[in-house]
Amino acid sequence: MAKKTLNIVESAYRAVMEEQDDTILWLLAAMQGAGAQHSVVLRGNAVNYAVAGQGAPGLTIGAWKQTLAPRMDKDVLDLIEKRKIPVFVIEEDLAVRGIERGELVPGVQLLSSKMLPKRMAEYEIVLHW
Amino acid sequence: MSQKTFAVALMNPPYESENLTTAFRILAAMAQRGHKISVFTYEGASALAFAKQAPHPNPVHGKNLAEENHPTTKDQVAALLALAAKNGGKVDWVNCGMCVDERGVGEFVADTRRGSPADFHSFCEAADNVLAIPVK
């Protein structure tokens with residue numbers, strides 16, 4: 001049985017255009033495929049990953065066009081629905097950014113920052129990205 | 001619109017931040033308007049034009065090589081040079097020599113060259129305006 005790992009993702013939108021995804025969410029999805037048992041907490045600016053309907057146009061430089069620009073909301077949905085990775089979002093970080101619960105993709109779970117230490121205690125490994 | 005000369009310093013390495021996407025959007029806008037652009041790539045940015053960069057498929061995305069069409073900065077550099085030339089401008093893309101030696105990235109895409117901080121000094125002296133996008 002793999003060790004239960006809680007991943008607190010705070011760094012957000014770092015190189016997502018070049019990588020066409022978030023490198024940490026990608027890493028967790030790939031590790032899950034190898035048998036890892038992950039959960040994700042989005043905090044800080046990373047809570048915005050859970051906002052539905054986001055996306056930036058791909059980069060275009062003359063004849064060169066990016067054809068698969070990142071869609072972070074779809075990547076979060078992929079974690080939840082396809083990988084069965086629980087995704088939590090810190091409520092207070094949503095609130096200070098004016099993001100309503102109804103704006104989030106389905107399946108994300110709200111978590112109060114006050115409850116985070118208790119949640120962390122449920123895991124054998126806690127990683128802060 | 002009259003042709004201007006811009007000097008630009010870049011520092012971020014590929015695949016580490018959004019700074020380069022912003023930089024390439026600005027550079028493309030300059031090239032689209034036919035301006036002359038001098039780019040000095042310093043530290044990690046000296047790998048932007050590294051010729052051995054290769055795209056990859058993405059099993060997590062469920063995409064093969066063609067579907068993923070993974071961006072490489074060497075292709076973006078080449079596209080920038082072509083765009084400038086097409087619109088009557090020119091890009092002088094200089095890779096800091098000591099920086100590429102440190103990183104082993106001394107093989108560049110065509111029409112970019114090895115240089116030194118003296119090149120950036122020259123670029124600044126000749127430029128109508130200078131933009132530095134540093135690592136923060």
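**Contacts and packing in a two-chain model**

Visitor: Leaving aside neighbours within four places in sequence, which residues is B:His70 in contact with?
Guide: The model is a predicted one, and contact here means heavy atoms within 4.5 Å. Once neighbours within four places in sequence are set aside, the contacts of B:His70 are B:Tyr15, B:Pro55, B:His56, A:Glu18, A:Glu19 and A:Gln20.

Visitor: What is left out of the side-chain values?
Guide: Residues are numbered from 1 along each chain as its sequence is written, while chains are lettered from A and ligands numbered from 1 in the order in which they are written. Local features need pLDDT of at least 70, side-chain atom pairs count only at pLDDT 80 or more, and totals for chains, interfaces and linings use all residues of this predicted model, with side-chain values using heavy atoms and leaving out hydrogens and water.

Visitor: Is B:His70 buried or exposed?
Guide: B:His70 sits in the loop between α2 (65-68) and α3 (73-86) of chain B; helices (H or I, at least four residues) and strands (E, at least two) are DSSP runs numbered from the N terminus. The classes are buried under 20% relative accessible area, exposed over 50% and partly exposed in between, with a 1.4 Å probe and protein chains only. The relative accessibility of B:His70 is 5%, and therefore B:His70 counts as buried.

Visitor: How is A:Gln20, one of the contacts of B:His70, classed by accessibility?
Guide: A:Gln20 lies in the loop between α1 and α2 of chain A and has a positive phi of about 65 degrees although it is not a glycine. Its relative accessible area is 3%, so A:Gln20 is buried.

Visitor: Why do the buried residues of α3(A) lie on the same side of that helix?
Guide: In α3 of chain A (residues 72-82), the buried residues are A:Met72, A:Asp73, A:Val76, A:Leu79 and A:Ile80. They share a side because the arc they cover around the axis is only 120 degrees, taken from the directions from the helix axis to the C-beta atoms. An α-helix has 3.6 residues a turn, so residues three or four places apart point the same way. The value that answers the question is the arc of 120 degrees.

Visitor: Which exposed residues does the other face of α3(A), turned away from its buried side, carry?
Guide: The buried residues of α3(A) are covered by elements including α1 (16-19), α2 (23-33), β2 (37-42) and β5 (87-90) of chain A. On the face turned away from that buried side, the exposed residues are A:Lys74 and A:Lys82.

Visitor: Which residues of chain B lose the most area to chain A?
Guide: Buried area is the accessible area (1.4 Å probe) that two parts lose on being put together, summed over both. For chain B and chain A this comes to about 2200 Å², 55% of it on carbon and sulfur atoms. In chain B, 27% of what that side buries belongs together to the residues that lose the most, B:Tyr15, B:Glu18 and B:Val60.

Visitor: How far apart are the closest N and O atoms in the salt bridge of B:Glu16?
Guide: A salt bridge is a side-chain nitrogen of Lys or Arg within 4 Å of a carboxyl oxygen of Asp or Glu. Between chain B and chain A the count is one. It joins B:Glu16 to A:Arg14, with the closest N and O atoms separated by 3.0 Å.
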